[in-house]
Amino acid sequence: MIGKFLDVPRRVLAGLAALLTLAAVIMLSAMADSTMQPLPATAPGEQFSAERALVHLKEFAAEPRPVGSPASDRARDYLAGQLRAAGLRVEVQRSVGARSAAGLATFGQVDNIVGRLPGTGSTGTVLIAAHYDSAAMGPGASDDGAAVAAMIETVRALRAGSGPRNDIVLLMSDGEEDGVLGAEAFVREHPLGKAGGVLLNWEARGVSGPSLMFETSADNARLVETFAGAVPAPRGHSAMVELYRLLPNNTDFTPLTRAGFTGMNFAYIQRSSLYHTASDSIANLNRGSLQHHGTNMLALARALGDADLRTLASDHDVTYFRALGTMITYPDLFVWPLAVLAVVAVAGLALLARVRRLLSLPRLLAAAVSAVVPLVVPVILAQGLWELLVAWRPAYDLMGGLLHRPQPYQAAIAVLCALAVLGWYLVLRRRLGPAALAVGALTWLAGLGMLCARVAPGASFLFALPALMGALGWLAAVLLRTPAWARPVVAMLGPITAAMLLPPLAGDVFDGMGLALGGASALVLALSGLIVVPIAELFLPDLATRPRRAAVLAVPLTALVLATGLVAVGLVVDDFDADRPRRTHLAYVMDADTRTAHWVSADADPAQWTRRYVSGHDASALPAGYGRGTLWTGPAPVIAAGGPRVTVRAYRGDTLELHVTAGKGTRSVTLRLDQPITRATASAGRFGSVSVPITGTRAGTWPSEIRFRGIPARGVQITVRVPGTDRVRLTAIAETDGLTAVPGFVPRPPDLVAATREDGDLIAVTRGYTLSSDARIPRPLPSGPAKITR
């Protein structure tokens, strides 16, 4: 019982038409998901203009502005001044933000800019949020300067019309890059942060691409309805929400929604190789991405600003996605019925095929089980390709998979996926039959639709709809008495649906996660291939004809040659230059106790410039607790720096109270302890005090770490709970941005930028202490190693 669903005259012509149709659908889907054309400064006043926003961006995003830096202060003053000039009520919330992770407590003195535009008859608050700090390695023109500049232009456009009904609050938060510190302080201390409302948060993980609505709060039905109706160019889909929840990332959206805000999160993610580097500059910012951000921001501010926010509450989520430029939404009430309907349709197709003697149940079972091979093999090949690329070009490792020109490698992965799927089909075609393989493939998609309906409802459509349409298409092709030419047309329902949904998702995953997790995109492409592969029947001989060995070998050999050629092309075109620089890590570390200094690099294969400073892996002379992972080191000149100072205020029981100063001109201090800690508290005088619990330990270094970003000149008081011991070793590290103060330092050439590792491009001056609990009289520690005994 071996047969196929479809046999038509002029099969090759029909097959070519089918492939061209799929290619057209994929291209149209990509074009429909493009960004917007930027509007000039002469655009009408009620519209958002990217060129007008750029005027502001150039004023504050030409240099790095990490929390606590002089550049951050300048940006704060400029932005607050612009909001005041626009007629908003503006305050700067000065506080201490906090965040905890495994073995880590991060604190920072933050300056949040809060601007308020009162409504004419407010039913609630619309909070528009973005962060104005940047990573220390780059000016952050996209992350997140573009959104902040868009906020100023949005306020201008809002003020050009009639006033909004609801209160509009602008939060330009500080310290996001160090752990959403500003947003945490806002919801913990500010009255507007505690009051809740509707949130619109804006981010970037690249320098280009459409503005995607990639995250929502729970029960988003009315929010998505507003988004789809108000925004002229909506982009994004509900599967992004499910995918983002699986990742360890977070933005200001996370603490704000945990505090009670409902809302939506937006970002553009293309050209992510420049993310968090010096190349995240105004020159590299795609003006269309800025326009898309701002147009969406203005449209939603107007729609939500005039809505009755009390009616936005909902008790369910919706599935939302775009198909050929049209936004489709439906409530989660339909997720399970569609998933079940897909299973029923696939089962009905299997029953019909069994009745028509096109397959047997054992062959169908074998086909469904064997389909795991073309799903697993592409994942292995994609991850294996990445390992080979890193071995061939170690500089890729610091890129985290986010390469400058990844397209040839992505195409190679697509070819490998096609090889795995087509190879599976050709090997089993004559043994199990085309009908069994087609139904077996649809079984996987229907099963994934059911699984997602249970654990990730917003992503179920990606699999349930192609399975449903695929089964209905084959049923129609078999049952309907139509002209011969119409049968392959209806059979294309499933492949066309898959082509609209799955390749764009693979592209988003490539953009967001890079080649280091290329297996995730490969899995999506393989699933798409499973539903498309039956089209191959239109090019293959009859089942009774045994193919020649040369023809059988031609397919895998051609695919392997093509994939190898694409990888070779990638190695050539994805070389490093001034426009697409290589990343390299370098830090200066001086032990103030021994007055010795070293250059340190975490590069696997340091660039020629980096090798000016490092020459081997001897890390024995580095301060205790400093090293993390395998490091290159080299001798460095000693500089005139006092370094951090730690004074013990008290050490009783399991509680250690310290006063920490970092030294003149130092922005941050880090404390590393050789014992696990369970709680840390930071107090910065009139800026406030905050405490966080800590679980777990740090990996690859001492088990506990405390950071304070933007440390005041007078220092901070740190209280630590260290259970189970009365003796602690502590290394204090005072960190200053940049390396130019080190004698003999030569800046990087244009084709190199600082890597994104948090201790890169820092002058780190350390002091070590050994502390023992003392219930009697707290005493200050001397400058070198010290001990306090009972």
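Contact here means heavy atoms within 4.5 Å. The legends below describe a predicted model.

**Figure 1. Overall view of the protein chain, with its 20 helices and 23 strands.** Among contacts with a separation of 6 or more, 80% join residues that lie 24 or more positions apart. The C-alpha atoms occupy a box of roughly 95 × 65 × 50 Å along the principal axes. The radius of gyration is 30 Å, which agrees with the value near 28 Å that a compact globule of 790 residues would have. Of these 790 residues, 58% are buried.

**Figure 2. Surface and charged side chains of the protein chain.** The accessible surface comes to about 30800 Å², and carbon and sulfur atoms contribute 60% of this area. The chain carries 72 positive and 60 negative side chains. The centres of these two sets of charges are 5 Å apart.

**Figure 3. Close-up of Cys417 and Cys452, whose sulfur atoms are not bonded to each other.** A disulfide requires two cysteine sulfur atoms within 2.5 Å, and by this rule the model has zero disulfides. For Cys417, the closest cysteine sulfur is that of Cys452, at 18 Å, and a bond is therefore excluded because the distance is too far. The converse also holds: the cysteine sulfur closest to that of Cys452 belongs to Cys417, again at 18 Å. Cys417 is buried, with a relative accessible area of 3%. Cys452 likewise counts as buried, at 11% relative accessibility.

**Figure 4. Close-up of helix α12 (residues 361–370) and the helices that cover its buried residues.** The buried residues of α12 are Leu364, Ala367, Ala368 and Ser370. In an α-helix there are 3.6 residues a turn, so residues three or four places apart point the same way. The cover over the buried residues of α12 includes α11 (335–355) and α13 (372–392). Helices α14 (407–432) and α15 (434–455) are also included in this cover.

**Figure 5. Close-up of Thr295 in helix α10 (residues 287–306).** Is Thr295 buried or exposed? Thr295 has a relative accessible area of 14% and is therefore buried, the cut-off being under 20%. Apart from neighbours within four places in sequence, the residues in contact with Thr295 are Met36, Phe48 and Pro232. Leu381 lies 86 residues from Thr295 along the chain, and the C-alpha atoms of the two residues are separated by 41 Å.

How values were computed:
Residues are numbered from 1 along each chain as its sequence is written. This is a predicted model: local features need pLDDT of at least 70, side-chain atom pairs count only at pLDDT 80 or more; totals for chains, interfaces and linings use all residues. Side-chain values use heavy atoms; hydrogens and water are left out. Buried means under 20% relative accessible area, exposed over 50%, partly exposed in between (1.4 Å probe, protein chains only). Helices (H or I, at least four residues) and strands (E, at least two) are DSSP runs, numbered from the N terminus. The radius of gyration is taken over C-alpha atoms; the globule rule is 2.2 Å times the number of residues to the power 0.38. Accessible areas come from the Shrake-Rupley method with a 1.4 Å probe; for residues, only the protein chains shown count as cover. Lys and Arg count as positive and Asp and Glu as negative; His and the chain ends are not counted. The place of a charge is taken as NZ of Lys, CZ of Arg, CG of Asp or CD of Glu.
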